[in-house]
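Subject: Structure handover

Hi,

Here is the structure I promised to pass on. My notes on the sheets, the helices and the pockets follow below it.

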Amino acid sequence: MEERANILEVKDLSVSYTVANVKTHVLEKVSFSVEKGKSVGIVGESGCGKTTTMRTILNVLPSNGTIESGEILYNGENVLEMPKNKLQEYRQRGAGMIFQDPSSALNPVISIRNQFLEALKYAHKDKKLTKAQLLEKAADALTAVSLADPDRILNSYPFQLSGGMRQRVCIAMTLAAERNILLADEPGTALDVTIQDQILRLIKELVDKGELSVIMVTHSLGVIRQVTTKVNIMYAGTIVEGGDTGEVFENPLHPYTQALMDCLPKLTGNGIAKGIPGRIPDYSNPPKGCRFAPRCPYATERCANETPQRLEKGNGHWVACFKAEEGK
């Protein structure tokens with residue numbers, strides 16, 4: 001494949017689900033890109049469409065999901081139009097995903113050893129590695145994610161491991177596969193803070209070496225700041241602001257981004273962290289204009305009826321908001 005600065009580009013992606021004959025419009029014209037050897041964050045509340053975005057990038061939507069429009073380009077080739085052999089190659093060497101729930105990612109009746117071997121045989125089948133070499137890779141990966149007794153882990157079944165250990169096994173499997181892009185969907189959900197920090201440091205180290213591109217999905221602003229170089233703020237299936245992580249955090253422009261920042265506890269202890277009033281809109285009947293308008297303290301009639309377009313604010317920082325457009 002042709003080498004490009006952007007290893008992955010998501011362009012105007014819209015996705016819906018049909019549940020009980022009701023269509024829910026979950027993603028609406030989502031666009032962002034990932035540079036080769038860089039890390040990009042997607043942050044937003046639970047239910048805003050982050051996991052759906054990741055599943056669509058891997059092209060593993062459930063049967064009731066429909067891609068309404070858009071493209072996902074991996075080195076310039078549309079993942080959504082790849083023939084079966086190309087899609088298999090893309091999942092084998094291109095993109096791999098750490099799922100949020102380790103229980104659903106591991107087969108409960110197959111040993112960790114056999115699951116690891118199958119995963120690595122698939123990922124490295126062009127290298128024709130021996131069983132001993134594959135097991136050595138597995139042991140190294142388990143050690144890297146702070147599982148100190150890899151032989152015992154490999155001989156265990158998922159039900160014999162804690163939730164945090166199962167999550168680390170899933171992370172180790174994905175990292176050992178040595179894919180080009182890591183889709184990390186809340187990778188620290190089942191981990192205590194010290195182990196989570198070690199995992200995030202490991203991922204950041206691989207990115208810094210240029211060995212890996214990462215899309216980090218989380219609701220934690222602290223994780224995004226620690227790991228990513230660029231960030232996209234997602235609200236109700238739309239990306240409302242994006243740019244360099246430091247710039248967006250230091251100068252949030254969208255009212256939703258500002259509200260997320262206000263939710264953070266203050267280290268000084270002065271005051272109580274605020275919440276965001278209201279709730280994510282009904283995806284079966286989303287607002288006509290800006291999806292954040294019903295919860296936005298600055299919303300006008302225009303916000304309720306028109307969809308704001310991206311406005312470049314300099315240094316790659318952009319926002320989709322009429323308030324920012326008017327410079328208020």
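Val-15 has Leu-27 of E2 as its bridge partner. This is a predicted model, so please read everything below in that light. The two strands here are E1, residues 6–19, and E2. They run antiparallel, and 10 bridges join them.

Both belong to an open sheet of 4 strands, in the order E2-E1-E4-E5. The pairing in this sheet is antiparallel. Its edges are E2 and E5 (77–78). Each has a single partner strand, so one side of each has no neighbour in the sheet. Helix H1, residues 50–58, packs on this sheet. H1 touches E1, E2 and strand E4 (65–74). The direction of H1 makes about 115° with that of E1.

The other sheet

A second open sheet is built from 8 strands. Their order is E6-E7-E8-E3-E9-E10-E12-E11, with mixed pairing. E6 and E11 (311–312) are the edge strands, and each pairs on one side only. At the E6 edge, E6 runs parallel to E7 (residues 181–185), and 4 bridges join the two. One pair to look up is Ala-95 with its bridge partner in E7, Ile-181.

Two helices to check against this sheet are H8 and H11. H8 touches E3 (39–43), E7 and E8 (213–218). The direction of H8 is at about 150° to that of E8. H11, residues 255–262, touches E9 (230–235) and E10. Here the angle, taken between H11 and E9, is about 100°.

Helix against helix

H8 (residues 193–208) also packs with H7. Their axes are 12 Å apart, at an angle of about 10°. That makes the two helices, H7 and H8, roughly parallel. H7 brings Arg-168, Ile-171 and Leu-175 to the contact. H8 brings Ile-195, Ile-199, Leu-202 and Leu-206. By class, the contact has 6 nonpolar residues, no polar ones and 1 charged.

The pockets

What is the volume of the largest pocket? It comes to about 570 Å³. The lining has 20 residues, and the closest to the pocket centre are Met-97, Ala-105, Ala-119, Met-173 and Arg-179. H7 turns up again here, as one of the elements that supply at least two lining residues each. The others are strand E6 (95–98), helix H3 (102–105) and helix H4 (112–123), while H7 spans 163–176. The lining divides into 13 nonpolar, 4 polar and 3 charged residues.

The second largest pocket holds about 460 Å³ of space. It is lined by 23 residues, and those closest to its centre are Glu-28, Lys-29, Thr-238, Thr-307 and Pro-308. Which elements give two or more residues to this lining? They are strand E2 (22–35) and strand E10 (238–244). E2 gives the most, with 4 residues. By class, this lining has 11 nonpolar, 6 polar and 6 charged residues.

If you open the model, two places are good starting points. One is the pairing of Val-15 with Leu-27 of E2. E2 then leads on to the second largest pocket, where E2 gives 4 residues to the lining. The other is H7, which packs with H8 and supplies at least two residues to the lining of the largest pocket.

Best wishes

Conventions
Residues are numbered from 1 along each chain as its sequence is written. This is a predicted model: local features need pLDDT of at least 70, side-chain atom pairs count only at pLDDT 80 or more; totals for chains, interfaces and linings use all residues. Side-chain values use heavy atoms; hydrogens and water are left out. On a 1 Å grid over the protein atoms alone, a cavity is a set of points where a 1.4 Å probe fits but cannot get out, and a pocket is an open set with protein on both sides within 12 Å along at least five of seven lines; lining residues have an atom within 4 Å of a point. Grid points are joined across faces, edges and corners, and a volume is the space filled by probe spheres set on the points. Ala, Val, Leu, Ile, Met, Phe, Trp, Tyr, Cys and Pro count as nonpolar, Asp, Glu, Lys and Arg as charged, and the others, Gly among them, as polar. Axes are lines fitted to C-alpha atoms, for helices over the stretch in contact, and angles run from 0 to 180 degrees between N-to-C directions. Angles under 35 degrees count as roughly parallel, over 145 as roughly antiparallel, 65 to 115 as roughly perpendicular and the rest as oblique. Contact means heavy atoms within 4.5 Å. Two strands pair if DSSP finds at least two bridges between them.
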